[in-house]
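Visitor: I would like a close look at one part of this structure, the sheet, and at whatever packs on it. Please take it strand by strand, and then turn to the other pairings and the ligand.

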Amino acid sequence: MTPKTPITVAYGDGIGPEIMSASLHILQAAGAAIEIETVEVGEKVYLSGNTSGIEPKAWESLRRTKVFYKAPLTTPQGTGFKSINVTTRKTLGLYANVRPCASYHPFIKTKHPVMDIVIIRENEEDLYAGIEHRQTDEVYQCLKLITRPGSEKIIRYAFEYARRNNRKKVTAFTKDNIMKLTDGLFHRVFDEIAVEYPDIENEHWIVDIGAAKMADTPENFDVIVLPNLYGDVLSDVAAQIAGSVGLAGSANIGEHAAMFEAIHGSAPRRAGQNLANPSGLLLAGVMMMVHIGQPEVAERVHNAWLRTIEDGVHTYDIFREGVSRQKVGTKEFAEAVVARLGQTPQTLKPVSYAAGESIPPGGAAAIRPPARKETVGVDVFLAWDEAGRDPNVLGEKLRRLNGDGLELMMISNRGQKVWPNGSPETFCVDHWRARFMSTGGALHHGQIVRLLERVANDGFDFIKTENLCTFDGEPGFSLGQGQ
Ligand code: NAD
């Protein structure tokens, strides 16, 4: 007998308890060897005054089992409540969000009958670091962080996933024609890692045209790997155009733990009525069974589920006169899947997980020696709203602060160069970047500190600085010409 694998289960809120009971019933009927540890997370915990929504006991269980099967949760309205999804992903380092989006034509309505793509979204970085500031009266910023280890881990994960699932192609989407350093790094790492997988085709699209192509002809895509924000948006687009938001599950994989959930929410209006479709959570459970090394259970459940869909046994959300045969509730749907365990679909393609681990475990990034870093300048950001915001007045004032090995080279406003030789049409806000470069050799921090002292003593309000560095002689900063 397979030894039982402990898993942490949260029944969630709204329709959560119904779809979790149904999914666990199917998995166990298929022979899942799991030992369930139930934890309380979500609305009740939030409302008891715990703003994280997770009771400490739940962390203890998660750290021990390292597998989290989670029904949807309700985040109470209002500020101060942290999203459990974000907290769990970040705390446990679940960097890879894997979301298969397939259409089930002709049994479920879709505009894209042959769609079968897997979105692999980076889950921890990018604009989601949550580092935001109001800097001036008019300007707010959010820091976009893309890291080499983060990019390496997610991109390698995508190629590993493709290889183990017999997928033919991995596509990356970035906006590196604009964000040359951040998205440029993601693209470069993609090209580097793709070389290690010569058996898998690779391609890169700028995210705007790539997204348009994916929405138009998803049959031309296979596995798509994306930085966090594009992945967040496009994984919902992909699920929606497959015609199956209620059917999609997702896996969140890290080096130390994994979380499996439906992509939809807790649908509170449908709660307690035996109406909800458990398919999204069940398909997440299928990925979980693969992850914990019980692929034969995953295969039995997935094929029985496909057969149920094919037989027209549908919950209200996918029921369609003329195509569906029987409208069922959550429990009856679960029983219909259980009754088909051991069967395979006849029109839809059966799945096969027997070959092994099709949900790769999360890996670590390579450790590399640091580059030689030299500071060659500094961008000083200022709040300035004088002299009718005339850049030439600002340029003249700041130029007087040159010296001690630093010289004002350029001023920009919202990234557009406005001094020297700016254009009078450029619209300026109250937020300026003054670029001072070294007049010879590497700078010391002391020179930057003394420059800031001169800037402050002259009555300027500096709001932040960014050091301009070279790494092995390569500039680690954009040229700031307002390209
Ligand atoms: P939702 O996904 O709960 O519902 C959107 C629509 O889809 C509703 O009409 C609902 O009835 C329907 N629907 C969703 N899942 C269904 C299912 N399994 N079967 C049948 N119909 C289904 O999105 P929402 O209404 O925007 O959010 C409700 C709550 O869920 C909010 O509190 C939100 O914060 C939370 N939420 C949680 C998660 C999560 O835990 N992963 C994700 C999204 C939203």
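Guide: What follows goes through the sheet, the helices on it, a separate set of strand pairings and the ligand shell.

The model is a predicted one. Its open sheet has 10 strands in the order 2-1-3-12-11-4-5-10-8-9, and the pairing is mixed. Strand 2 (34-38) and strand 9 (201-206) stand at the edges; each has a single partner strand, so one side of each has no neighbour in the sheet. From one strand to the next, the twist averages 25°.

Within this order, strand 4 (residues 96-102) and strand 5 (residues 116-122) run antiparallel and are joined by seven bridges. V98 stands opposite I120, a residue of strand 5. Strands of a sheet pair through backbone hydrogen bonds, in a parallel or an antiparallel manner.

Two helices can be placed against these strands. Helix 5 (residues 148-164) lies across strand 4, strand 5, strand 8 (169-174), strand 9, strand 10 (223-226) and strand 11 (249-253). Helix 5 runs at about 160° to strand 5. Helix 7 (residues 207-216) lies across strand 5, strand 8, strand 9 and strand 10, and runs at about 115° to strand 9. Strand 9, which helix 7 crosses, is the edge strand already described, with a single partner.

Further along the chain there are other pairings. Strand 15 (residues 373-383) is joined to strand 19 (residues 461-471) by 10 bridges, and these two run antiparallel. Here V378 stands opposite N467 of strand 19. Strand 19 is also joined to strand 20 (residues 474-475), again antiparallel, by two bridges. F471 has E474 of strand 20 as its bridge partner. Strand 19 and strand 20 form a hairpin with two residues between them. D472, in the turn, has a positive phi of about 50°.

That leaves the ligand. It is surrounded by 18 residues, and the closest are G265, S266, A267, N277 and Y316. The shell divides into seven nonpolar, seven polar and four charged residues. Two side chains approach nitrogen atoms of the ligand: a polar side-chain atom of E261 lies 3.4 Å from one, and an N or O atom in the side chain of H264 is 3.1 Å from one. At G265 the backbone is involved, with an N or O atom 2.6 Å from an oxygen atom of the ligand. Taken alone, the ligand exposes 810 Å², and the protein buries 64% of that.

Definitions and conventions:
Residues are numbered from 1 along each chain as its sequence is written. This is a predicted model: local features need pLDDT of at least 70, side-chain atom pairs count only at pLDDT 80 or more; totals for chains, interfaces and linings use all residues. Side-chain values use heavy atoms; hydrogens and water are left out. A residue is near a molecule or strand if one of its heavy atoms lies within 4 Å of it. A polar contact is a pair of N or O atoms within 3.5 Å; within protein, one must be able to donate a hydrogen and the other to accept it, and residues adjacent in sequence count only if both atoms are side-chain atoms. Accessible areas come from the Shrake-Rupley method with a 1.4 Å probe; for residues, only the protein chains shown count as cover. Ala, Val, Leu, Ile, Met, Phe, Trp, Tyr, Cys and Pro count as nonpolar, Asp, Glu, Lys and Arg as charged, and the others, Gly among them, as polar. Two strands pair if DSSP finds at least two bridges between them. Helices (H or I, at least four residues) and strands (E, at least two) are DSSP runs, numbered from the N terminus. Axes are lines fitted to C-alpha atoms, for helices over the stretch in contact, and angles run from 0 to 180 degrees between N-to-C directions. Contact means heavy atoms within 4.5 Å.
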